[in-house]
Amino acid sequence: MTVRDLLPLLPDPAELRTRCRGIALGAAEWRCGAVEFGPGETDGAEGLFGLLVDAGPEAYAGFAEDYFERPVDREAVAAVLAGGPLTRWTVESLSAGADFEAVAARARAMGFGEPTRAGS
């Protein structure tokens, strides 16, 4: 299963924003419904859900660079998102020094497919 397989399952971000359940600080129960913000305030949903609705390699690579605080190979990200075979090159490009056999075993367990032992 790839990110592209999951996209049709995701709700519209605008609908999700208005229907998300939340709990206000100090509230005794869950509430849902439209949220009103003051001038200049936002709920931050664009930043939270942007990666879910933009399944491109550039969006994920940007997220990963922020999260892991290091450059991320966009070609390797694109190969994974396209559902291509997991290769030693892909693993090394995304996680230098990772044990390919361990990553391959985890990928198989998640249903990613049979990794290739070739370089690329």
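## Exercises on a predicted model

On the other side of helix 7 from its buried residues, Arg 106 and Ala 109 are exposed. Exposed means over 50% relative accessible area, buried under 20%, and partly exposed in between (1.4 Å probe, protein chains only). The model is predicted: local features need pLDDT of at least 70, side-chain atom pairs count only at pLDDT 80 or more, and totals for chains, interfaces and linings use all residues. Residues are numbered from 1 along each chain as its sequence is written, and side-chain values use heavy atoms, with hydrogens and water left out.

**Exercise 1. Find the buried side of helix 7, and say what covers it.**

Step 1. Locate the helix: it spans residues 100–109. Helices (H or I, at least four residues) and strands (E, at least two) are DSSP runs, numbered from the N terminus.

Step 2. Pick out the buried residues: Phe 100, Ala 104 and Ala 107. They lie on the same side of helix 7 because they cover an arc of only 60° around the axis. The arc is taken from the directions from the helix axis to the C-beta atoms.

Step 3. Look for the cover. It includes helix 6 (88–94).

**Exercise 2. Describe what lies at the N-terminal end of helix 7 and what follows the helix.**

Step 1. At the N-terminal end, Asp 99 is the cap. One of its side-chain oxygens lies 3.0 Å from the backbone nitrogen of Glu 101.

Step 2. After the helix comes Gly 111. Its phi is positive, near 85°.

**Exercise 3. Place Ser 93: is it buried or exposed, and what does it touch?**

Step 1. Ser 93 belongs to helix 6.

Step 2. Its relative accessible area is 18%, so Ser 93 is buried.

Step 3. Its side chain reaches the backbone oxygen of Trp 89 at 2.8 Å.

Step 4. Set aside neighbours within four places in sequence. Ser 93 is then in contact (heavy atoms within 4.5 Å) with Asp 73 and Ala 76.

**Exercise 4. Place Tyr 60 and judge its exposure.**

Step 1. Tyr 60 sits in helix 4, residues 57–68.

Step 2. Its relative accessible area is 33%, so Tyr 60 is partly exposed.

**Exercise 5. Sum up the whole chain.**

Step 1. Count the elements: seven helices and two strands.

Step 2. Read them along the sequence: α-α-β-β-α-α-α-α-α.

Step 3. Check burial: of the 120 residues, 16% count as buried.

Methods: Polar contact = N/O pair within 3.5 Å; in protein donor to acceptor, adjacent residues only side chain to side chain.
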